Amino acid sequence: MTEKKRNWKPATQLVHAGTLRSGFGEMSEAMFLTQGYHYDSAERAEARFKGEEPGFIYSRYANPTVDMFEKRMCALEGAEDARATASGMAAVTAAVLCGLKAGDHIVAARALFGSCRWVVETLAPKYGIEATLVDGTDIKNWEAAVRPNTKLFFLESPTNPTLEVVDIAAVAKLANSIGARLVVDNVFATPLQQKPLELGAHIVVYSATKHIDGQGRCLGGIVLSDKKWIDENLHDYFRHTGPSLSPFNAWVLLKGLETLPLRVRQQTEAAGKIADFLAGHPKIGRLIYPGRADHPQADIIKKQMTGGSTLICFDLKGGKKSAFAFENALDVVLISNNLGDAKSLITHPATTTHKNLTDEARAELGIGEGTLRLSLGLEDTDDLLEDIEQALAKA
């Protein structure tokens, strides 16, 4: 390990934390593209499998490059332990299911990414796990949904795509009072702008595909928590079901972490300027941005977030026709269902990320035919403003 001090600030942690170096003294983290590992003797192999000797056994269980990514994320998040996964949804599924059994009950905020809702609403009930979805912005809804068998709370904040914010500390307090665990999907805030574990959450999940890679290159995810929970719940699930992150992707994500503060800072500054421009435009029916004073949960944002967001949600008054015309007229901003990229991306949730929800479910979430989600990239902000302005003229 390279760490010589423990009070590093995030930017330093993201360059140095968790680094392992071989005898060659390489500067860039080594990429260990190996499936298995060699043992000096049969006795040492036995000791390693018994857990009596530290070391790697099989890359489905652990790998040196993946281990560096996990340790660096732990340092940034303030977590005791972590397991990196092949995608963000692998992380969500593991975090939600690995600690539950038939007869347990989940309470989840209804404002979730479409695949996350599918895990809670469709997959979990197949295994005898009940689920209740609530409007997560009011703690009274969480309280009313609690049952004697409630074992897990699940939320994302800010939410996808409407950027609602949930009071994490309040939900965590309720979870503690009934002996439940709170899982927070922290993708939209990034670990730089919100620390769920410090707010009382028990488990944090990320799609590392988004801001952590940040350059549209690879998939990845991670689950972070205390070591006891991971040892007792996630370890065996992870080992036997095989959602492991590849060493190559772990190496790419390590490189992404080095520039995460620079990217998120610029993307957030651009988002703030563009949100202010859109807020006063006559073709915009609604604008939601966590960095503005008119956000519905502005007081909670001040309490639990250190920045706004790299994303903006807004409605065009002309509905789907105007939204499509706007998207098609953009030159710099690209149409995609992804986010957190170096390239600015626009998404029409009703026909892409949240297409499989019913009309009623989308209406509950505030996703209309004219709703658009804008993820800011690293282009010049003036070029982005000019592009958005000319596209609005054609909407």
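**Strand pairing, salt bridges and a charged patch in the predicted model**

Strand β9 and strand β12 (residues 371–375) run antiparallel and are joined by five bridges. Within this pairing, leucine 311 of the model, which is a predicted one, stands opposite serine 375 in β12. On β9 there is also an antiparallel pairing with strand β8 (residues 284–288), made over four bridges. Here isoleucine 284 has leucine 316 of β9 as its bridge partner. These strands belong to an open sheet of five strands with mixed pairing, in the order β8-β9-β12-β11-β10. The edges of the sheet are formed by β8 and β10 (334–335), each of which pairs on one side only. In general, the strands of a sheet pair through backbone hydrogen bonds, in either a parallel or an antiparallel sense.

The burial of β9 was examined next. Strand β9 spans residues 311–316 and is mostly covered, with six of its six residues buried. Side chains in a regular strand alternate between the two faces of the sheet. In β9, one side carries Leu311, Cys313 and Asp315, and the other carries Ile312, Phe314 and Leu316. Both faces are covered, as the residues on either side are all buried. Leucine 311, which faces serine 375 across the β9–β12 pairing, is thus among the buried residues of β9, because its relative accessible area falls under the 20% limit for burial.

Salt bridges in the model number 22. One of them links the side chains of aspartate 104 and lysine 101, with an N to O distance of 3.3 Å. The two partners are set in opposite surroundings: aspartate 104 has a relative accessible area of 5% and is buried, whereas lysine 101, at 53%, is exposed. A further salt bridge is formed between aspartate 213 and arginine 217, whose closest N and O atoms are 2.7 Å apart. Aspartate 213 counts as buried, at 0% relative accessibility, while arginine 217 is partly exposed, with a relative accessible area of 42%.

Helix α10 (residues 247–279) holds both glutamate 258 and lysine 255, three residues apart, about one turn of the helix. Their side chains meet in a salt bridge of 3.0 Å, N to O. Glutamate 258 is partly exposed, at 27% relative accessibility. Through salt bridges that share partners, Glu258 and Lys255 are joined with Glu29 and Arg72 into one network.

Charged residues also form a negative surface patch, made up of Asp380, Asp382, Asp383, Glu386 and Glu389. Of these, glutamate 386 is found in helix α14 (residues 381–393). Glutamate 386 is exposed, with a relative accessible area of 56%. This value satisfies the requirement for patch membership, because a patch residue must have over 30% relative accessible area. Membership also excludes any residue with a salt bridge, so Glu386 takes no part in one.

Definitions and conventions
Residues are numbered from 1 along each chain as its sequence is written. This is a predicted model: local features need pLDDT of at least 70, side-chain atom pairs count only at pLDDT 80 or more; totals for chains, interfaces and linings use all residues. Side-chain values use heavy atoms; hydrogens and water are left out. Patches are made of residues with over 30% relative accessible area and no salt bridge: like charges are joined within 9 Å, nonpolar side chains (Val, Leu, Ile, Met, Phe, Trp, Tyr) within 5 Å. Accessible areas come from the Shrake-Rupley method with a 1.4 Å probe; for residues, only the protein chains shown count as cover. A salt bridge is a side-chain nitrogen of Lys or Arg within 4 Å of a carboxyl oxygen of Asp or Glu. Lys and Arg count as positive and Asp and Glu as negative; His and the chain ends are not counted. The place of a charge is taken as NZ of Lys, CZ of Arg, CG of Asp or CD of Glu. Helices (H or I, at least four residues) and strands (E, at least two) are DSSP runs, numbered from the N terminus. Buried means under 20% relative accessible area, exposed over 50%, partly exposed in between (1.4 Å probe, protein chains only). Two strands pair if DSSP finds at least two bridges between them.
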